[in-house]
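Q: Please take a close look at a single part of this model. I would like the place where its domains meet, along with any enclosed space that bears on it.

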Amino acid sequence: MTPNLKHLHPYPFEKLAQLKQGVVPPKDKSHIALSMGEPTHATPHLIQEALLTHLHGLANYPTTKGIPELRQAIAGWISRRFQIPADAVNAETQVLPVNGTREALFSFAQCLIDSTKVAPVVVMPNPFYQIYEGAALLAGAEPYYLNTLEDSGYLPDFDAVPDEIWQRCQLIYICSPGNPTGSVIDQASHEKLLKLAEKHDFVIASDECYTEIYDDESNPPPGLLQTAYNMGNTAFKRCVIFHSLSKRSNAPGLRSGFVAGDAELLKHYFQYRTYHGCAMPLPTQHASIQAWQDERHVVENRRLYREKFAAFIDILGDVCTVTQPPASFYVWLKTPISDTEFAKQLFARQNITVLPGSYLSRDCDGVNPGLNHVRIALVAPLDECIEAAQRIKNFLNSL
């Protein structure tokens, strides 16, 4: 086995299961799960119908590159969503379908990192989606954690990274809107990072799977390719974005997303994926076409989350500091006691599961930015979110 396996940390939900082990919640309260970012809104009928209509495609091997119609649908969506000219994204060379962003975020690092170079570094936000860290470690790189703290609006401060780190950096993961904070990287910060990437010759992997869940309909989060194009980087050099239908279209079981950007990078990544054996089934491709071509269900999805945030915050607002983030479906809540004890007691007394923030972060520069926070995913139906808020309010008042 690769010796790098020993560097991997237990996954957050594995830690959470251990934390809850032996704890018996009250039987008179139904369980409300708010720990995992798994959407529970109904998957749109147009996706289900397309899947069923094309089940005959199971008789054929799919290709790694996907059918042209899917890549064209994705290129068209990128153009419309990020206000890039229709011919700016080449569906043939700058788009690849992937089986959800998780597998792509991981495998991209395996393809990109050159471990023969001295001490390669992968920079990532802290807290973070643990796939970034695992991808870096298994690729033979050193993770560099960039704290995202309240003082900086829970955003990465690229100026805080030492020049020596940038010189060894081969890849940086950014996540905007952020998991778990929901903070959005603005165009100016994108521009700064793009200039650093050009100066030090590293690649930016932008995890944008939450871009379609935002509060202000008139102010959608900007994307990396959008900023790159506006800066004159029309070839999207050193830029790769990762998008998914899991959150946008309430289809986590479809396992459908895409990567797009720098054609030269994707040429090599396509070669890697050919051997990796991860082609998207044809019924999934046809269902994905329908999803990327429709925005009505996405607008309705945002309305449902907006409704849940409003109700949740209205109930909790007078007992704790709770605000709606610009985007995502997470509440990043400060806890009056340790985050692990908060999560354990909340489960024991109210039968609600939330995720301790320290499980999503690492100690760095004497700070664990997830400490004394919990991540609450407002993925349950509205009535359950209201019930959860009332129980959490009672719990807070009892502390």
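**The domain interface and its cavities**

A: Across the interface of domain 1 and domain 2, 23 residue pairs are in polar contact, with both partners at pLDDT 80 or more. The model is predicted.

Start with the parts. Domain 1 covers 5-42 + 297-397, and domain 2 covers 56-294. Domain 1 and domain 2 contribute 39 residues and 40 residues to the contact, respectively. Taken over C-alpha atoms, the two domain centres are 26 Å apart.

Next, the area. The size of an interface is often given as the accessible area lost when the parts come together. Between domain 1 and domain 2, about 3400 Å² is buried. Carbon and sulfur atoms give 55% of that area.

Charged pairs also join the two domains. The count between domain 1 and domain 2 is five salt bridges. As for individual residues, Arg362 and Glu133 form a side-chain salt bridge, at 2.8 Å from N to O. By the domain ranges, Arg362 belongs to domain 1 and Glu133 to domain 2.

Now the enclosed space. Rolling a probe the size of a water molecule over the atoms shows where empty space is left. The model has three cavities of 30 Å³ or more.

The second largest cavity bears directly on the two domains. Its lining takes at least three residues from each of domain 1 and domain 2. The volume of this second largest cavity is about 50 Å³. Among its lining residues are Ile213, Tyr214 and Asp215, along with Arg302, Tyr305, Arg306 and Phe309. Gln324, Pro325, Pro326, Ala327 and Ser328 also line the second largest cavity. By class, that lining has seven nonpolar, two polar and three charged residues.

Set the largest cavity beside it. The largest cavity has a volume of about 120 Å³. It is lined by 14 residues. Pro125, Thr148, Tyr154, Cys175 and Gly178 lie nearest its centre. The lining of the largest cavity has nine nonpolar, five polar and no charged residues, whereas the second largest cavity has three charged residues in its lining.

Note on methods:
Residues are numbered from 1 along each chain as its sequence is written. This is a predicted model: local features need pLDDT of at least 70, side-chain atom pairs count only at pLDDT 80 or more; totals for chains, interfaces and linings use all residues. Side-chain values use heavy atoms; hydrogens and water are left out. On a 1 Å grid over the protein atoms alone, a cavity is a set of points where a 1.4 Å probe fits but cannot get out, and a pocket is an open set with protein on both sides within 12 Å along at least five of seven lines; lining residues have an atom within 4 Å of a point. Grid points are joined across faces, edges and corners, and a volume is the space filled by probe spheres set on the points. Ala, Val, Leu, Ile, Met, Phe, Trp, Tyr, Cys and Pro count as nonpolar, Asp, Glu, Lys and Arg as charged, and the others, Gly among them, as polar. Domain bounds come from an automatic or database domain assignment. Contact means heavy atoms within 4.5 Å. Buried area is the accessible area (1.4 Å probe) that two parts lose on being put together, summed over both. A salt bridge is a side-chain nitrogen of Lys or Arg within 4 Å of a carboxyl oxygen of Asp or Glu. A polar contact is a pair of N or O atoms within 3.5 Å; within protein, one must be able to donate a hydrogen and the other to accept it, and residues adjacent in sequence count only if both atoms are side-chain atoms.
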